[in-house]
Amino acid sequence: ATPLPECQYPLLDSIPPQLVAEGKLSSLQLESIALCCQRHQIVMPTQPPTRSGFFLGDGAGVGKGRQLAGIILDSVARGRLRHLWF
């Protein structure tokens, strides 16, 4: 297996503290949100420039909807208002 990259992303700066304190997002969900947001910081050298993507391939019942909502919440808090969720 490939080890996870080291996560340096300051996720807790943008996520409301009550989501973490009340357990609405688990530690595994927060980890995947942070890794995804860190990946979105990379801008690909294409024309026009685009942000790098992230594939969320968790199994059933892991909370992919919550993870995607957390990713969008972080992006909105940082001023990125366009999102594609499919």
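Here are a few short exercises on the structure above, each with a worked solution.

The model is predicted, so local features need pLDDT of at least 70 and side-chain atom pairs count only at pLDDT 80 or more, while totals for chains, interfaces and linings use all residues. Residues are numbered from 1 along each chain as its sequence is written, and side-chain values use heavy atoms, with hydrogens and water left out.

**Exercise 1. Get the overall layout**

Work out which elements the protein chain has and in what order they run.

Solution.
- Start with the assignment: helices (H or I, at least four residues) and strands (E, at least two) are DSSP runs, numbered from the N terminus.
- That gives three helices and two strands.
- Reading from the N terminus, the order is α-α-β-β-α.
- Now the extent: along the principal axes, the C-alpha atoms fill a box of roughly 40 × 35 × 25 Å.
- Then try the globule rule, 2.2 Å times the number of residues to the power 0.38, with the radius of gyration taken over C-alpha atoms. For 86 residues a compact globule would come out near 12 Å, and the protein chain has 13 Å, which agrees.

**Exercise 2. Find the core and check its cysteines**

List the residues of the largest nonpolar core, then decide how many disulfides there are.

Solution.
- Set the burial cut-offs: buried means under 20% relative accessible area, exposed over 50%, and partly exposed in between (1.4 Å probe, protein chains only).
- Buried residues make up 26% of the 86 in the protein chain.
- Next, link them up: a nonpolar core is a set of buried Ala, Val, Leu, Ile, Met, Phe, Trp, Tyr and Cys residues joined through side-chain atoms within 4.5 Å.
- The largest such core has ten residues: Tyr9, Leu11, Ile15, Leu25, Leu30, Ile33, Ala34, Cys36, Cys37 and Ile71.
- Helix H2 (residues 27-40) gives the most to this core, with five residues.
- For the cysteines, a disulfide is a pair of cysteine sulfur atoms within 2.5 Å. The count by that rule is zero.
- Cysteine 36 is in no disulfide, and its nearest cysteine sulfur, that of cysteine 37, is 5.4 Å away.
- Cysteine 36 counts as buried at 2% relative accessibility, and cysteine 37 is buried too, at 1%.

**Exercise 3. Place threonine 50**

Is threonine 50 buried, exposed or partly exposed, and what does it touch?

Solution.
- Threonine 50 sits in strand E2 (residues 50-51).
- Its relative accessible area is 38%, so it is partly exposed.
- Take contact as heavy atoms within 4.5 Å. Skipping neighbours within four places in sequence, threonine 50 contacts Ile42, Val43 and Met44.
- The threonine 50 side chain also makes a polar contact with the side chain of threonine 46 (3.4 Å). Such a contact is a pair of N or O atoms within 3.5 Å; within protein, one must be able to donate a hydrogen and the other to accept it, and residues adjacent in sequence count only if both atoms are side-chain atoms.
- Just before E2, look at the loop between strand E1 (43-44) and E2, which holds proline 48. A cis peptide bond joins glutamine 47 and proline 48, with omega about -5°. For context, most peptide bonds are trans.

**Exercise 4. Follow arginine 80**

Where is arginine 80, and which residues does it contact?

Solution.
- Arginine 80 lies in the segment after helix H3 (64-77).
- At 18% relative accessibility, arginine 80 counts as buried.
- Leaving aside neighbours within four places in sequence, arginine 80 is in contact with Tyr9, Gln41, Arg51, Asp74 and Ser75.
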